[in-house]
Amino acid sequence: MTLAAWVLYVILPLLSLALLFASYRVLKGPTIADRVVAVDLITTIGIAIIVCFAIVSKHTLFIDVAMVVALTGFLGTIAFAHYIEQQKG
Amino acid sequence: MLELNLRDTLSFISLLIGAVFIVIAGLGLYRMPDLFMRMSMTTKASTMGIGFIVIGVAIHFYADRPVVTKLIAIAIFILLTAPVSAHMLGRAGYRDALTKLWSGTWVDELHDQYNRRQHTLDSMDEAELAIANQKKPELT
């Protein structure tokens with residue numbers, strides 16, 4: 001087995017498991033803040049999956065995609081936090 | 001069984017540590033009883049995990065300098081932004097009147113001094129209260 005196969009059969013399933021836990025919290029989460037925390041974690045796991053998939057597919061172009069996702073995910077979280085703070089309590 | 005050379009082995013070990021840390025972050029998000037404990041788990045463990053995963057991929061693509069530079073940029077960016085977003089979310093979550101603390105929490109220093117409905121502190125004087133009670137522009 002090459003490294004690509006090991007990543008495909010070991011690392012990506014582990015990351016998918018973490019994605020499953022985070023998705024449960026997005027669906028269940030009692031308040032909006034819990035859901036935003038879970039979406040933040042999903043963005044981080046997405047970056048990890050994209051970066052690992054660059055090894056599997058041997059295309060280094062995916063690294064650029066991961067960089068853009070990292071930039072936009074931060075802005076999304078900040079916007080959500082601002083919106084929660086401004087809403088009528 | 002492990003038909004990997006030394007570089008691939010190092011890369012795989014680093015990726016595995018990172019993936020395990022991210023699974024721990026997800027497990028904490030799933031099991032913890034309270035918003036602030038969940039945030040503590042996800043922020044710290046996922047930053048550590050993504051750092052190790054980026055290091056593993058950088059070991060794999062070590063000959064390709066632009067790619068390694070981009071990976072370092074991703075790691076530094078996440079290292080810088082994760083605390084900022086966690087701080088803003090924690091502040092917003094504490095101000096939200098719907099957020100419940102876990103029943104076993106015994107340090108909450110603002111509990112008796114902060115009005116979560118009016119967003120005022122007991123230590124505010126008249127002028128500060130007037131500013132806090134000003135009507136904010138409606139969000140559309």
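**Two chains and a shared core: notes from group meeting**

Let me begin with a single residue, B:Thr69, which is exposed, having 12 other C-beta atoms within 10 Å; a residue counts as exposed if 12 or fewer other C-beta atoms lie within 10 Å of its own, as buried if there are 20 or more, and as partly exposed in between, with C-beta atoms placed from the backbone. B:Thr69 sits in helix α3 of chain B, and its C-alpha atom is 15 Å from that of B:Phe52, although the two residues are 17 apart along the chain.

Before I go on, a word on what we are looking at. This is a predicted model, in which local features need pLDDT of at least 70 and side-chain atom pairs count only at pLDDT 80 or more, while totals for chains, interfaces and linings use all residues. Residues are numbered from 1 along each chain as its sequence is written, and chains are lettered from A and ligands numbered from 1 in the order in which they are written.

On confidence, the predictor gives the complex an ipTM of 0.92 and a pTM of 0.88. For chain B the mean pLDDT, which is the predictor's confidence in each residue on a scale from 0 to 100, is 86, and 94% of the residues of chain B reach 70 or more. Among the elements of chain B, α1(B) has the highest mean pLDDT, at 94, and helix α4, residues 126-132, has the lowest, at 75. As a general caution, where pLDDT is low, the predicted coordinates should not be read in detail.

Now to chain A, which has 3 helices and 0 strands, where helices are DSSP runs of H or I of at least four residues and strands are runs of E of at least two, numbered from the N terminus. Along the sequence, chain A therefore reads α-α-α. The radius of gyration of chain A, taken over C-alpha atoms, is 16 Å, well over the 12 Å that the globule rule gives for 89 residues, so chain A is more spread out than a compact globule; that rule is 2.2 Å times the number of residues to the power 0.38. The C-alpha atoms of chain A fill a box of roughly 55 × 25 × 10 Å along the principal axes, and 40% of its 89 residues count as buried.

Chain B comes to 4 helices and 2 strands, which run α-α-α-β-β-α from the N terminus on. Its radius of gyration is 22 Å, whereas a compact globule of 140 residues would have one near 14 Å, and its C-alpha trace spans about 70 × 35 × 30 Å along its principal axes. Buried residues make up 32% of the 140 residues in chain B.

How many residues does each chain bring to the contact between them? Chain A gives 44 residues and chain B gives 51, where two residues are in contact if their C-beta atoms, placed from the backbone, lie within 7 Å. On the side of chain A that touches chain B, the elements that give two or more residues are α1 (3-28), α2 (32-57) and α3 (61-86) of chain A, and the largest share, 15 residues, comes from α2(A). By class, that side of chain A has 33 nonpolar, 6 polar and 5 charged residues; here Ala, Val, Leu, Ile, Met, Phe, Trp, Tyr, Cys and Pro count as nonpolar, Asp, Glu, Lys and Arg as charged, and the others, Gly among them, as polar.

That leads to the core. In soluble globular proteins, nonpolar side chains tend to be buried together. The largest nonpolar core here has 57 residues, and those with the most contacts inside it are A:Ala48, A:Val51, A:Cys52 and B:Ile53; such a core is a set of buried Ala, Val, Leu, Ile, Met, Phe, Trp, Tyr and Cys residues joined through C-beta atoms within 7 Å. At least two residues of this core are supplied by each of α1, α2 and α3 of chain A and α1 (6-31), α2 (35-60) and α3 (65-95) of chain B, with α2(A) giving the most, 13 residues. Leaving aside its neighbours within four places in sequence, A:Ala48 is in contact with A:Leu15, B:Ile22, B:Gly49, B:Ile50 and B:Ile53.

Finally, two residues of chain A. A:Ser16, in helix α1 of chain A, is partly exposed, with 13 other C-beta atoms within 10 Å. A:Lys58, in the loop between α2 and α3 of chain A, is exposed, with 9 such atoms within 10 Å, and has a positive phi of about 60° although it is not a glycine.
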